[in-house]
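Student: I should like to discuss how the parts of this model pack together. May I put some questions to you?

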Amino acid sequence: MSERMIDKVLLKKIGKKSWNLKRIDLLFIGLIVIISFLIRWQMMPIRTGDYNDFLSKWMEKIRINGGWNSLGIQISDYASPYMYIMCILSYITKNDLYALKLVSIFFDYCAAVIVFFILFEVTKNFRKSLFGG
């Protein structure tokens, strides 16, 4: 019995010697990312207390004080890298709510990728004993 064409395509391994995934795994991950982003996109217009009480006012102060020039004054208690990002956003867009949420979403996905690779490495011996190879 010959292997079906779809099985050949979806079960082909992609990667290096130290790690590899099947195309079906990448397809599943891609679908999860797309679905999660669509759910988050539906929530973009929601203004949280943190945004109303702090972030919107900080963005306003950044704009009033000239973007990068605002870094010389105390505007918030957030870490400097986040303030740099806020300054960059002040030049790029006027829609602070969406811009700040997109930054958070971007870093959520970065953290997810890092956790994926950590778990992939930690479970290497388990996968070898379970699936062989």
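Student: Leaving aside its neighbours within four places in sequence, with which residues is Leu 55 in contact?

Tutor: The model is predicted, local features need pLDDT of at least 70, side-chain atom pairs count only at pLDDT 80 or more, and totals for chains, interfaces and linings use all residues. Residues are numbered from 1 along each chain as its sequence is written, and side-chain values use heavy atoms, with hydrogens and water left out. Contact means heavy atoms within 4.5 Å. Beyond four places in sequence, the partners of Leu 55 are Asp 50, Tyr 78, Tyr 82, Met 86 and Leu 100.

Student: How do H4 and H5 pack, roughly perpendicular or oblique?

Tutor: Helix H4 covers residues 80-92, and helix H5 covers residues 96-122; helices are DSSP runs of H or I with at least four residues, numbered from the N terminus. Their axes, lines fitted to C-alpha atoms over the stretch in contact, with angles from 0 to 180 degrees between N-to-C directions, lie 10 Å apart at about 135 degrees. Angles under 35 degrees count as roughly parallel, over 145 as roughly antiparallel, 65 to 115 as roughly perpendicular and the rest as oblique. H4 and H5 are therefore oblique.

Student: Which description fits H2 and H5, roughly parallel or roughly antiparallel?

Tutor: H2, residues 23-42, packs against H5 with the axes 12 Å apart. The angle between H2 and H5 is about 155 degrees. H2 and H5 are therefore roughly antiparallel.

Student: Which residues of H5 does H2 meet?

Tutor: H2 contributes Ile 29, Val 33, Ser 36, Phe 37, Arg 40 and Trp 41. On H5, these meet Tyr 98, Leu 102, Ile 105, Asp 108, Tyr 109 and Phe 116.

Technical notes
Helices (H or I, at least four residues) and strands (E, at least two) are DSSP runs, numbered from the N terminus.
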